[in-house]
Amino acid sequence: MKTPSLIASIFSRITLRLAVVLAVFFGLLVTSIVLIPIQLRTISADSLKKLEDDHLRSAAILAVILSEPVWQITPEIAKNSSEVVFSNPNVSEIHVITLPDKKTFITNSRKNTQQGKFRTQTRSISHGEQIIGEVQLTFTEEIMQAEINSNFYRAILVTATSFLLSVICIYIVLQWRLVRPIKDLIEKSDLLANGELNEVISFDRKDEIGHLAVSLEATRQALQRSFNELEIKNQQLLEYSGTLESKVRQRTQELENANHHLEAALASVNSAQNELARIERMAALGSMVAGVAHELNTPLGNCLLVASTLSDETRQISKAMTEGTMRRSELSHYVEAATESSKLLMRGLQQAAQLVGDFKQVAVDQSSAQRRKFTLMVVFQELAALLHSSLRKTPFNLELDIPDDIELDSYPGPLGQVFSNLVNNAVVHGLDGMSQGVMRCMARRQEDHVLIVFEDSGKGIPPNIIKRIFEPFFTTKFGKGGSGLGLSITFNIITNVLGGEIKVTSEPNHGARFEMSIPLIAPGNPEHVGQIIDV
């Protein structure tokens, strides 16, 4: 068990009485710990001051009473006179010398029987105005230290006695005024908790315990009233339970019928949404077919014209060769014409073949979610070429800024549909009614993702609808060619098929900006090439 948990467990088991006693005990203990050193220092200072005063006074007395014996050179009288001071138990030694010869006059000492520190005071012995000697009085601190210790132990004994008596008195008062009433209240609360509400809670006290008892009695009365009301309510519920079951069955049946209708309506809406999405994809593909047919018309018309001219030249040279009138210059002219016609035919047919190949690839990609490895720039260039025929009729330009080293293992068809939807959305909504405009598609690689940004210089998206543009069937041109599914399909393709995310920002009259981040390797099993995904 961890230390905090152990301490918390110990504290949780301490009773209120023990907690109060411990609080008082430690409070007095801390006070004693703080005051005892202060009291010890006070006693020591007082004793030391008393000893110093006694020392100075005794030294002064010796200097006076020894003046005449030293002058008369009577050591016996001096020794008897000094016995008055030497009888003080604090005196360790009295040493008197004469001046100016500094000879010892008398010495009284008991140093060898005493221990502890010693302090010495020196006083001059004068006779008239002449200094005739010097007395050195030595005091011991042993007796003072013994008195200090005795006073200290006495103070500790008094403090401990007061401490014990205080704890006993507080314990008795707590037991009488707090612990016993609280135990009674706990018993009353247990009765309330067990549902026994008939016993009245009454305490004839005006303190906090009395107020708590009054609150418990009010709680008991409120619970008793509530239980009585509950009994009445239960009786009413029993009476209503018979009819309630039939009402519940009726409401349940109504809810089931409503759920069936809602499920049918939801299935119809989903079916209509899928059909509209399919129609929109087919419409986009049909528009692309019309554009490709228009683009093919020019090179194929040129090839047809060159082929018919070459056919006429061949027929004329064949006629001249049959009649035998063919000249060398005519043959050279025919060869030159055939050579130039072949070049024109090859150029036109190659252009047509390239358009057909691009359209074939885009058509296959957009009609199915076939997974393959591809270069992003190539796919977008093919789509831009196919969209060129429809954009050529508008005053708008489409610009690509895509590096040629971004390769993906993903679904080019759904990605191309996203590109077509964004271009169509910009033309129909963003640039509608403008005399000129620019659409720009940029791509940058970001570690294992690619960031594709499509922006236009159109009118922008109003702030009140920008949060709804990805909702199905939401369009500002409903009934005017808009189905409200273009950006919804775009959102589903980016998030569900390509495994990325898309966000849009716009400011009024500053165009719209779509930012798409998709992984270089699409989610799912890369081996499932050719699998059709329902967008």
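Visitor: What share of the contacts in the protein chain with a separation of 6 or more comes from residues 24 or more positions apart?
Guide: In the protein chain, 69% of those contacts join residues 24 or more positions apart, where contact means heavy atoms within 4.5 Å. This is a predicted model, in which local features need pLDDT of at least 70 and side-chain atom pairs count only at pLDDT 80 or more, while totals for chains, interfaces and linings use all residues. Residues are numbered from 1 along each chain as its sequence is written, and side-chain values use heavy atoms, with hydrogens and water left out.

Visitor: How many helices and strands are there in the protein chain?
Guide: There are 10 helices and 11 strands, taken as DSSP runs (H or I, at least four residues, for helices; E, at least two, for strands) and numbered from the N terminus.

Visitor: What makes the span of helix H10 agree with expectation?
Guide: The expected span is 1.5 Å times one less than the number of residues, so the 12 residues of H10 (residues 486–497) should span 16 Å, and the end C-alpha atoms, 15 Å apart, agree with that.

Visitor: Why is helix H9 called roughly antiparallel or roughly parallel to H10?
Guide: H9 (residues 412–430) packs against H10 at an angle of about 150 degrees, with the axes 9 Å apart; the axes are lines fitted to C-alpha atoms over the stretch in contact, and angles run from 0 to 180 degrees between N-to-C directions. Under 35 degrees counts as roughly parallel and over 145 as roughly antiparallel, so H9 is roughly antiparallel to H10.

Visitor: Which residues make that contact?
Guide: Among them are Pro-414, Val-418 and Leu-422 of H9, and Leu-487, Ile-489 and Ile-493 of H10. The contact residues divide into 8 nonpolar, 5 polar and no charged, where Ala, Val, Leu, Ile, Met, Phe, Trp, Tyr, Cys and Pro count as nonpolar, Asp, Glu, Lys and Arg as charged, and the others, Gly among them, as polar.

Visitor: Why is Ile-73 called buried or exposed?
Guide: Buried means under 20% relative accessible area, exposed over 50% and partly exposed in between (1.4 Å probe, protein chains only), so Ile-73, at 62% relative accessibility, counts as exposed. Ile-73 is found in the loop between helix H3 (67–72) and helix H4 (75–86), and has a positive phi of about 55 degrees although it is not a glycine.

Visitor: What makes the loop between strand S1 and strand S2 worth a look?
Guide: Most residues other than glycine have a negative phi, and most peptide bonds are trans. Pro-100 lies in the loop between S1 (91–98) and S2 (103–109), and the peptide bond from Leu-99 to Pro-100 is cis, with omega near 10 degrees. Lys-102 is in that loop too, with a positive phi of about 60 degrees.

Note on methods:
Angles under 35 degrees count as roughly parallel, over 145 as roughly antiparallel, 65 to 115 as roughly perpendicular and the rest as oblique.
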